[in-house]
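This report walks through one protein chain. It starts with a ring and a charge, then turns to the fold, the core and selected residues.

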Amino acid sequence: LRLVAVLKAILEGEKAAVLKRDRHLPLSFHRRQEELKFSLGLQRLQHRVREIQALRDGPAASPQLNMRDPQLKTEAKPPESELPTLILEAVKELEAAKQQVLKRIQIWKRQQQLAGNGALFEENLAPLQKRCESLVEVYFQLHQQVMAASGELGAELLPRLQERCNEVLSSLVKR
């Protein structure tokens, strides 16, 4: 009985140490933090798409940009090399947002599997669906900008960008 009591005390101490190290905050906090991180990334991506649109249209088409940035007032047209760089950054951010969504889908699948063994499963699909829909919406906006700027991107960069963008959509649909 003393052996069982000692083992029980050791195991409870280990359990407390693990909970203290990994889960010192409630699970809802971690979910909320993940949700905020995704929405921030999505807003950054939407801003990047608007920057691409403004750059393609030129400074004359966006007077609010000219008001804020005095350097743009003096330039007649932004450098052409800036557009491919912006598009590449936007595609990279799109792929990062896709990875966050796929990670969340994988977590949901695992929770669903564990629910078959009796674990609590309270997650509903609405937040996951909203993430996917908003990411696909930004994908289509970015794809539209890539196609509109196809003449400025060059024959070697355009197919790579299209392939990367299509892979994002394909992986979202498949998973």
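A charge sits over a ring if NZ of Lys or CZ of Arg is within 6 Å of the ring centre and within 35 degrees of the ring normal. The model shown here is predicted. In it, the charged end of Arg131 sits over the ring of Phe38, at 4.8 Å from the ring centre.

**Overall fold**

The chain has eight helices and zero strands. Its pattern along the sequence is α-α-α-α-α-α-α-α. The chain has 175 residues, and 27% of them count as buried. Consider contacts between residues at least 6 apart in sequence: 73% of these join residues at least 24 apart.

**The nonpolar core**

The largest nonpolar core holds 31 residues. Within this core, Ile87, Leu135, Leu142 and Leu153 touch the most other members. Four elements give two or more residues to the core: α2 (27-57), α5 (82-115), α6 (126-148) and α8 (157-174). Of these, α5 gives the most, with eleven residues.

What does Leu142 touch, not counting residues up to four places away in sequence? Its partners are Val49, Ile52, Ala90, Val91, Leu94 and Cys165. One of these partners, Cys165, has a relative accessibility of 1%. Cys165 is therefore buried, as the limit is under 20%.

Cys132 differs in class: its relative accessible area is 22%, so Cys132 counts as partly exposed. The structure holds zero disulfides.

**Arg48 and Glu93**

Arg48 lies in helix α2. Glu93 is found in helix α5. The two side chains make a polar contact at 3.0 Å.

Are these charged residues buried or exposed? Arg48 has 18% relative accessibility, so Arg48 counts as buried. Glu93 has a relative accessible area of 15%, and therefore Glu93 is buried too. Both values fall under the 20% limit.

The contact lists add to this picture. Neighbours within four places in sequence are left aside in both. Arg48 is in contact with Leu86, Glu89, Ala90 and Glu93. Ala90 is also among the residues that Leu142 touches. Glu93, in turn, is in contact with Arg44, Leu45 and Arg48.

**The aromatic pair**

How many aromatic pairs does a search of the whole structure find? The search finds one. Tyr139 and Phe140 form this pair, and its geometry is edge-to-face. The ring centres are 5.0 Å apart, with 65° between the planes. The pair counts as edge-to-face because the angle is over 60 degrees.

The two partners fall into separate accessibility classes. Tyr139 has 4% relative accessibility, so Tyr139 counts as buried. Phe140 has a relative accessible area of 47%, so Phe140 counts as partly exposed.

**Pairs separated in sequence**

Three C-alpha pairs show how positions along the chain relate to positions in space. They are listed here.

| Pair | Separation in sequence | C-alpha to C-alpha distance |
|---|---|---|
| Gln112 and Glu123 | eleven residues | 8.9 Å |
| Glu133 and Leu172 | 39 residues | 10.0 Å |
| Gln141 and Val49 | 92 residues | 7.1 Å |

Gln112 has its place in helix α5. Its relative accessibility is 41%, so Gln112 counts as partly exposed.

Glu133 lies in helix α6. With a relative accessible area of 47%, Glu133 is partly exposed.

Gln141 also has its place in helix α6. At 31% relative accessibility, Gln141 counts as partly exposed. Its partner in the table, Val49, is one of the residues that Leu142 touches.

Why do Gln112, Glu133 and Gln141 count as partly exposed? Partly exposed covers the range between the 20% limit for buried and the 50% limit for exposed. The values of 41% for Gln112, 47% for Glu133 and 31% for Gln141 fall in that range.

**In brief**

The chain comes to eight helices. Its largest nonpolar core has 31 residues, and α5 gives the most to it. Arg48 and Glu93 make a side-chain polar contact. Tyr139 and Phe140 form an edge-to-face pair. The charged end of Arg131 sits over the ring of Phe38.

Terms used. Residues numbered from 1 in each chain as written. Predicted model: local features only at pLDDT ≥ 70, side-chain atom pairs only at ≥ 80, totals over all residues. Heavy atoms only, no water. Disulfide = S-S within 2.5 Å. Buried < 20%, exposed > 50% of the residue type's maximum accessible area, 1.4 Å probe, protein only. Core = buried A, V, L, I, M, F, W, Y, C linked by side-chain atoms within 4.5 Å. Contact = heavy atoms within 4.5 Å. Polar contact = N/O pair within 3.5 Å; in protein donor to acceptor, adjacent residues only side chain to side chain. Phe/Tyr/Trp six-rings, centres within 6.5 Å; stacked < 30°, edge-to-face > 60°.
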